[in-house]
Amino acid sequence: MASLNSLSILILDDEKLVRDELGEFLVDPNFSVLKAGSPSEAFDLMSANEIDIAIVDVNLPEMSGLDVLEKVKKEYPEIEVIMISGYSEMDSVIHSMRLGASDFFTKPFRLRDVESAIERTKKFIHLNKSLIEVKRNYSIISEEFYKAMGYEIIGESPQMKNLINIIGKVAKTDNTSVLITGESGTGKELVARAIHYLSSRKENCFYAVNCSAIPESLFESEFFGHTKGAFTGAVDAKVGWFEAANKGTLFLDEIGDMQLNLQTKFLRVLEDRKIMKVGSNVEIPFDTRIIAATNQDIDRLHSEKGFRLDLYHRISSFIIQLEPLRNRKEDIPLLLDYFVKYFNRMMGKNISEIDGAVIRRLLEYEFPGNVRELKNMVERAVIICDTNRLNSSHFQLSSLKDDNRKSNRVSDENLDLERVEMNCIKKALERSNNNKSRAAGLLNITWQSLDRRIKKYKIEI
Ligand SMILES: Nc1ncnc2c1ncn2[C@@H]1O[C@H](COP(=O)(O)OP(=O)(O)OP(=O)(O)O)[C@@H](O)[C@H]1O
Ligand SMILES: [Mg+2]
């Protein structure tokens, strides 16, 4: 497609009159129109030209319009198909929509119908194009990750696609400090590494330092370094983290656990971009990108623990919030598959199948420990599995639902809500003598919606 407004349209109809009439309707500087009288002619044109829309009659020689539609969708999925049908062929139209036709109009056609079918399809093409663009960006970046780090960031949920795009963008800024927030196990360190390895600093060091693990007394010497003999026990000079990560990236994990007086020192260093080693009064400039992470809520950290807001602003030029796994459940099967393959390789196993029941149960689970919990679960399952198929017994799935209740209040509330809903449905069925239509009327929902819920709660009637 040359531009969004210019479309190349192929008309396939065995009646010359129809082809010509439609062709006249479509006289427009933005349309280039090709015509075919038979499916074979149409497929020749498709293979030789870039077609955006094919307008296909339901009744054709050689093969039916529906068969043409199926073949187009298989061989040229990027072509949108509009069907032309007679009034008596509405069944075919319905069938064609199921097969992926984007629109239809009926014969004899009116200009308005043809125009609006083209207009709707054009919008559809536009939308698809932008989706493909997002997808392409996403896979280019995923591939870059793989090349740069040797491992991938898995996930195709909208949140993960968005995250991957953001990582690609923030990695290109060389010095912007980034704060990554998210529950434990959501992938904060993975994201920090990705930013580093996709940035121009990738040839230099990435250091991850856990702020909560460094005792207050050693803090300055750890981060800024010390000179030989600076204090008792300082037998050798030491390079601190800031200097060691010069030209690279310093990942400050669990920044929320940093002591208050240390926060003040830290802020000064980050503002000056210079450190002074313990025992020295020489200022050493550093060029280190800072990425910080916390699994705590910054507002609460500030109000309850007094975390310095000025330090927070300094480290959070760009904030990335990672979504808990339970809010992007569509990623669970992908991660499951990825981790099974990963542990297969690590342990020399050959597990190639996973019971559907396992996936169903995992999708019900809330994963308080997020991706790390899933990864650990899969590791255990792969260790104990002796066949090539993982089943529920490898996963200790029976305890999962109870864990949900213990670990997650929201899910408790959901369960209660579900119970209330189930009781309402039972009452409505009782009152209507198990007449589903009347019960649906009482509940003010559709029959189908009631039926779905009856199945969901396994209510016997
Ligand atoms: N999207 C993902 N694709 C592949 N692996 C992932 C993904 N997210 C997380 N992981 C894996 O899950 C594990 C936990 O991730 P990570 O250590 O980055 O989490 P975290 O948020 O830093 O956790 P914590 O707060 O407990 O430190 C790691 O082994 C990581 O490689
Ligand atoms: Mg971490």
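The following exercises, each with a worked solution, concern a predicted model.

Residues are numbered from 1 along each chain as its sequence is written, and chains are lettered from A and ligands numbered from 1 in the order in which they are written. In this predicted model, local features need pLDDT of at least 70 and side-chain atom pairs count only at pLDDT 80 or more, while totals for chains, interfaces and linings use all residues.

**Exercise 1. Confidence and domains**

State the average pLDDT of the protein, and name the domains into which the protein is divided.

Solution. The term pLDDT denotes the predictor's confidence in each residue, from 0 to 100. The average over the protein is 86, and 90% of the residues score at least 70. Residues 405–415 stay under 50 in pLDDT. For residues 405–415 the model has 8 contacts beyond four places in sequence, a contact being two residues whose C-beta atoms, placed from the backbone, lie within 7 Å. The division, with bounds from an automatic or database domain assignment, gives domain 1 (7–129), domain 2 (151–321), domain 3 (328–407) and domain 4 (412–456). Between the C-alpha centres of domain 2 and domain 4 the distance is 53 Å.

**Exercise 2. The shell around ligand 1**

Determine which residues come nearest to ligand 1, and between which domains ligand 1 lies.

Solution. A residue is near a molecule if its C-beta atom, placed from the backbone, lies within 6 Å of it. There are 15 residues around ligand 1, of which Ser184, Gly187, Lys188, Glu189 and Val371 come nearest. Two or more residues of the shell come from each of helix 7 (188–197) and helix 15 (370–384); helices (H or I, at least four residues) and strands (E, at least two) are DSSP runs, numbered from the N terminus. By class, the shell holds 4 nonpolar, 7 polar and 4 charged residues. Here Ala, Val, Leu, Ile, Met, Phe, Trp, Tyr, Cys and Pro count as nonpolar, Asp, Glu, Lys and Arg as charged, and the others, Gly among them, as polar. Because domain 2 and domain 3 both give residues to this shell, ligand 1 lies between them.

**Exercise 3. The nonpolar cores**

Identify the residues with the most contacts inside the largest nonpolar core, and the helix that gives the most to this core.

Solution. A nonpolar core is a set of buried Ala, Val, Leu, Ile, Met, Phe, Trp, Tyr and Cys residues joined through C-beta atoms within 7 Å. A residue is buried if 20 or more other C-beta atoms lie within 10 Å of its own, exposed if 12 or fewer, and partly exposed in between, with C-beta atoms placed from the backbone. The largest core has 39 residues, and Ile167, Ile180, Val191, Ile195, Ile291 and Ala292 have the most contacts inside it. Elements supplying at least two residues each include helix 6 (158–172), strand 6 (178–181) and strand 13 (289–294). Helix 6 gives the most, with 5 residues. A second, separate core has 30 residues, among them Leu26, Leu60, Ile84 and Ala117.

**Exercise 4. Three residues compared**

Classify Leu198, Trp241 and Phe318 as buried, partly exposed or exposed.

Solution. Leu198, in the loop between helix 7 and strand 7 (206–210), is buried because 21 other C-beta atoms lie within 10 Å. Beyond four places in sequence, its contacts include Glu144, Phe145 and Ile167. Trp241 belongs to helix 9 and is buried, since it has 22 C-beta neighbours inside 10 Å. Outside four places in sequence, Trp241 touches Tyr207, Val209, Glu222, Phe223 and Leu250. Phe318, in strand 14 (residues 318–321), has 16 other C-beta atoms within 10 Å and is therefore partly exposed. Its contacts beyond four places in sequence are Val170, Thr176 and Val178.
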